[in-house]
Amino acid sequence: MASATATGVPRQNPALRRTMTSTTMDTDVSSPSTAIGSPIDSPRHSASSTSLSSMSSIEPSNAHGKLIDTYGNEFEIPDYTIKDIRDAIPKHCFERSAVKGLYYVFRDIVQLAATFYIFHTYVTPENIPSYPARFALWGLYTFMQGLSGTGIWVLAHECGHQSFSTSKILNDTVGWILHSSLLVPYFSWKISHGKHHKATGHMERDMVFVPRTREERASRLGKLAHELSELGEETPIVTFINLLGQQLIGWPNYLMTNVTGHNYHYRQSEGRGKGKQNGWFSGVNHFNPSSPLYEAKDAKLILLSDIGLAITISTLVLLGNKFGWSNLFVWYFLPYLWVNHWLVAITFLQHTDPSLPHYKAESWNYVRGAAATIDREFGFIGRQLLHGIIETHVLHHYVSVIPFYNADEASDAIRKVMGRHYRSDTEGGSLGFIKAMWKSARWCQWVEPNEGAEGEGKGVLFFRNTNGLGAKPAKISAPRS
């Protein structure tokens with residue numbers, strides 16, 4: 001079972017620490033000032049630093065019945081409030097600096113430019129006659145540029161959350177430029193991503209990596225729901241192919257078809273989602289101003305996002321025609337695939353883990369949903385090149401206006417409030433992060449309620465699988481004919 005410790009001895013360098021925290025009354029566009037359905041006077045547990053394994057000794061709440069996560073540990077629904085979280089964070093953690101933000105943008109652009117200059121100047125047939133050696137070095141180039149490009153992506157993500165600076169104009173201008181350069185529709189994604197933050201873990205409203213239910217999984221396999229518990233193991237090669245497809249085309253597929261997002265578009269308040277489903281040519285995408293992902297008021301911003309993409313695509317066409325498309329493929333498109341890979345891997349592992357619950361509408365609230373995320377560790381790459389997006393994600397879902405360079409301290413603070421409800425898996429560091437992709441793909445195939453759940457607990461869903469890993473799927477009766 002994965003280790004998920006939440007504490008460590010504080011160290012002096014925030015950039016290399018596990019995590020830190022702060023306090024605020026600032027407004028965060030992604031989190032409500034109060035948590036709907038989360039009582040302010042709910043009982044408070046004592047602060048604790050627990051691992052997932054320690055949860056097995058927790059007595060289940062009578063009100064919810066016995067809830068078991070995929071590891072087999074007993075689960076308790078979070079009992080604190082968003083006010084508890086905000087009050088725990090030091091106020092200085094909410095301070096945003098345009099100078100700092102622009103410094104990191106400058107730093108990452110210099111990394112990209114310097115890497116290109118070095119490889120373009122020195123990795124040539126004249127300097128390195130061996131073709132295999134040049135091939136390997138240019139492969140290294142695409143990997144390095146992919147990491148720097150992902151860092152740029154994360155900074156634009158900061159802009160979208162208004163944590164880049166105190167100026168909305170500056171935030172959106174920088175974010176639009178950076179994301180457009182990576183073929184990301186900035187405002188379109190910003191709007192849908194904000195909705196993801198407002199409904200994290202909600203089975204009918206979340207915008208990304210909504211897991212399949214047992215019924216959906218069975219239907220996909222041409223089976224009935226009761227037959228899943230009788231199926232044998234999914235072959236590893238099938239898991240690998242699905243994972244490879246996710247990592248290669250998962251991000252553009254999401255933008256174009258809303259794959260992994262919720263599919264309840266008929267509920268869109270303006271009626272623009274009637275008859276529309278996720279998929280190709282359905283109108284549910286991040287480029288169409290009439291998409292049910294948006295409201296009519298968003299149309300100009302969606303068009304502005306599309307203009308940004310058009311500018312980038314036009315620039316790439318000019319560069320390809322001038323310098324050759326094979327060169328551009330190595331210079332830009334292969335690093336672009338690396339950026340897509342890291343983005344999908346990061347998001348997948350932030351929201352998919354055997355310890356995490358998902359909630360039906362009747363059991364969800366903001367506090368519970370934000371706790372249904374997990375921090376991981378990616379070492380120097382994660383903390384320096386990717387700006388800590390992997391290591392401080394739980395905090396980010398509670399208060400996303402906190403800039404990444406203050407997120408370690410803020411994370412330390414909220415862990416004292418969250419106690420046993422905080423999730424992290426730092427075992428193995430960077431290698432552990434990569435291994436977790438395979439583990440989550442094998443362990444987390446669908447979600448279903450616990451057999452022992454009662455009342456509100458029936459709306460708390462956990463991952464199950466047919467691979468014989470962790471808690472077994474519930475045995476349910478066949479429908480009567």
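Is the crossing of H2 and H3 left-handed or right-handed? The crossing is left-handed. The structure described here is a predicted model.

## Packing of H2 and H3

Helix H2 covers residues 98-122 and helix H3 covers residues 131-160; their axes lie 9 Å apart and the packing angle is about 165°. That angle makes H2 roughly antiparallel to H3, because angles over 145 degrees count as roughly antiparallel.

## Nonpolar surface patch

A patch of about 800 Å² on the surface is nonpolar, and its members are Ile237, Val238, Phe240, Ile241, Leu244, Leu248, Ile249, Leu337 and Trp438. Helix H7, residues 236-257, supplies the largest share of this patch, with seven residues.

One of the patch residues is Val238, which lies in helix H7. Valine 238 has a relative accessible area of 35% and is partly exposed. Membership in a patch requires over 30% relative accessible area, a condition that the 35% of valine 238 meets.

## Salt bridges between elements

The model contains 20 salt bridges. One of them joins lysine 190 to aspartate 172, with 3.0 Å between the closest N and O atoms. Lysine 190 belongs to helix H5 (residues 186-198) and aspartate 172 to helix H4 (residues 168-181), so this pair ties together parts that are 18 residues apart in sequence. Lysine 190 has 18% relative accessibility and counts as buried. Aspartate 172, at 8%, also counts as buried.

Arginine 376 and aspartate 353 form another salt bridge through their side chains, at 2.9 Å from N to O. Arginine 376 is in strand E2 (residues 375-376), while aspartate 353 is in the loop between helix H9 (325-351) and strand E1 (357-359), so the pair links parts that are 23 residues apart in sequence. The relative accessible area of arginine 376 is 2%, which makes this residue buried. Aspartate 353 is likewise buried, with a relative accessible area of 2%.

Elsewhere, Glu76, Asp79 and Arg420 are joined into one network by salt bridges that share partners.

## The 272-270 pair

A salt bridge also connects the side chains of arginine 272 and glutamate 270, with an N to O distance of 3.4 Å. Arginine 272 is buried, at 18% relative accessible area, whereas glutamate 270 is partly exposed, at 41%. The two residues are classed differently because buried means under 20% relative accessible area and partly exposed covers the range from there up to the exposed class, over 50%.

Conventions
Residues numbered from 1 in each chain as written. Predicted model: local features only at pLDDT ≥ 70, side-chain atom pairs only at ≥ 80, totals over all residues. Heavy atoms only, no water. Patch = residues over 30% accessible without salt bridge, like charges linked within 9 Å, V, L, I, M, F, W, Y side chains within 5 Å. Areas by Shrake-Rupley, 256 points an atom, 1.4 Å probe, with all protein chains shown as cover. Salt bridge = Lys/Arg side-chain N within 4 Å of Asp/Glu carboxyl O. Helix = DSSP H or I, 4+ residues; strand = E, 2+ residues; numbered from the N terminus. Buried < 20%, exposed > 50% of the residue type's maximum accessible area, 1.4 Å probe, protein only. Axes fitted to C-alpha atoms, helices over the stretch in contact; angles between N-to-C directions. Parallel < 35°, antiparallel > 145°, perpendicular 65-115°, else oblique. Left-handed = near helix turned anticlockwise from the far one by under 90°.
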